[in-house]
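Open the structure in your viewer and keep a selection box ready. The stops below each give something to select and say what is there.

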Amino acid sequence: VFDARLELALTGADARSSPAAVRWLVQAQLLGIVAPLPRVLSMLRNAIAEDPEFPSLAKAAVDLARLARYQPLKQSDLTVLPQLLSAIWQRALYLGQLLADGAAEAWASALVELHGLAESALPEFDLTLFDTTLQRIAAAHPAALVRGAANGVLHSRDAIATATLEQRIRGHLGGLLPVADAVAFLRGLLSTARELAWQQSSLLETLNQLLAAWSDVDFVRYLPEMRLAFSTLTPHE
């Protein structure tokens, strides 16, 4: 049954989806199936090369790292996992630097997932490349939510100068951008670096100026987004 389903997958959408290919590898491991393993690994290599979505590859990287860490293949093919992890990491970051205008929520979540992998300090993950990609996304991604999330990750990694971060905060919250972009940037920023809400005085000062400049109509319109931006904080925070 596994072989028959795999044959269908090899000619279907799963063949270009890196998370789907990783799922096939996980199933083969859980079932203890050895014979189809070379085809599954080939499918995964092809999917990594052909998957066009940054968030998709980020999810696949997380799933593959989890497999490598907690349920390693018992077969001799275990040796290919570091190579696959490195390949999927580099491909994800390559696509990240292209700044494709995809779903902003998915991009922001992908940055969080990749940050978690970077913190794991596995040797397969090139952290210099990660920081370079973050810098590009933080400065130039078309979605304010994603720019905010990337700047937050850079702050968490101590990979951005305080003056640069403050300049970007003022640029996004100082009233020069549409209110929707300002609120989205704030939400992304706090989603990846919540500590900024009490550590960065310039953030609160600039945010206060922004709120004071809003009309009653703007305040009511963007209040739900503002609540969402601060929803991860505890009452004390």
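In which helix is Glu205 found? Select Glu205: the residue sits in helix H12, which covers residues 201-213. This is a predicted model. Glu205 is partly exposed, because its relative accessibility is 49% and the partly exposed class lies between 20% and 50%. Now add Arg23 and draw a distance between the two C-alpha atoms. Arg23 and Glu205 are 182 residues apart along the chain, and their C-alpha atoms are separated by 47 Å.

**The whole chain**

Zoom out and colour by secondary structure. The chain has 13 helices and zero strands. Read along the sequence, the pattern is α-α-α-α-α-α-α-α-α-α-α-α-α. Along its principal axes, the C-alpha trace spans about 65 × 35 × 35 Å. Of the 237 residues in the chain, 48% are buried.

**Helix H4 and the core**

Select residues 54-70, which form helix H4. Ala58 is found in this helix. Is Ala58 buried or exposed? Ala58 is buried, because its relative accessible area is 0% and the cut-off for buried is under 20%. Measure from here to Ala159: the two residues are 101 apart in sequence, and 20 Å apart in space, C-alpha to C-alpha.

Next, show Leu25 and Leu64. In the largest nonpolar core, which has 76 residues, these two touch the most other members. Helix H4 gives the most to this core, with nine residues. In soluble globular proteins, nonpolar side chains tend to be buried together.

**Helix H3**

Select residues 37-50, helix H3. The helix has 14 residues and reaches 20 Å from first C-alpha to last, close to the 20 Å expected at 1.5 Å a residue. Now show the side chains of Leu37, Val40, Leu41, Met43, Leu44, Ala47 and Ile48, which are buried in H3. Turn the view to look down the helix axis. The buried residues of H3 fall within an arc of 155°, so they line one face of the helix.

**Helix H9**

Go to residues 162-173, helix H9. Why does the span of H9 agree with expectation? At 1.5 Å a residue, its 12 residues should span 16 Å, because the expected span is 1.5 Å times one less than the number of residues. The end C-alpha atoms of H9 are 16 Å apart, which agrees.

Which residues of H9 are buried? They are Leu165, Arg168, Ile169, His172 and Leu173. Look down the axis again: the buried residues of H9 fall within an arc of 110°, so they line one face of the helix. Then flip the view. The face of H9 turned away from its buried side carries the exposed residues Ala163 and Gln167.

**Two loop residues with positive phi**

Stop in the loop between H6 and helix H7 (127-140), and pick Ala121 there. Ala121 has a positive phi of about 60° although it is not a glycine. Ala121 counts as exposed, at 58% relative accessibility.

Then move to the loop between helix H8 (144-156) and H9, where Asp158 has its place. The phi of Asp158 is near 55°, a positive value in a residue other than glycine. Asp158 is exposed too, with a relative accessible area of 72%. Most residues other than glycine have a negative phi.

**Helix H10**

Select H10, residues 179-192. H10 has 14 residues and reaches 21 Å from its first C-alpha to its last, close to the 20 Å expected at 1.5 Å a residue. How many of its residues are buried? In H10, 11 of the 14 residues are buried, so the helix is mostly covered. Among them are Val179, Phe185, Arg187, Gly188 and Thr192.

**The largest pocket**

Keep Arg187 shown and add Glu105, Ala108, Leu145 and Ser191. Of the 13 residues that line the largest pocket, these five, Arg187 included, lie nearest its centre. Helix H6 (104-119), helix H10 and helix H13 (216-229) are the elements that give two or more residues to the lining. By class, the lining has six nonpolar, five polar and two charged residues. The volume of the pocket is about 170 Å³.

Key
Residues are numbered from 1 along each chain as its sequence is written. This is a predicted model: local features need pLDDT of at least 70, side-chain atom pairs count only at pLDDT 80 or more; totals for chains, interfaces and linings use all residues. Side-chain values use heavy atoms; hydrogens and water are left out. On a 1 Å grid over the protein atoms alone, a cavity is a set of points where a 1.4 Å probe fits but cannot get out, and a pocket is an open set with protein on both sides within 12 Å along at least five of seven lines; lining residues have an atom within 4 Å of a point. Grid points are joined across faces, edges and corners, and a volume is the space filled by probe spheres set on the points. Helices (H or I, at least four residues) and strands (E, at least two) are DSSP runs, numbered from the N terminus. Ala, Val, Leu, Ile, Met, Phe, Trp, Tyr, Cys and Pro count as nonpolar, Asp, Glu, Lys and Arg as charged, and the others, Gly among them, as polar. A nonpolar core is a set of buried Ala, Val, Leu, Ile, Met, Phe, Trp, Tyr and Cys residues joined through side-chain atoms within 4.5 Å. Buried means under 20% relative accessible area, exposed over 50%, partly exposed in between (1.4 Å probe, protein chains only). The arc is that of the directions from the helix axis to the C-beta atoms.
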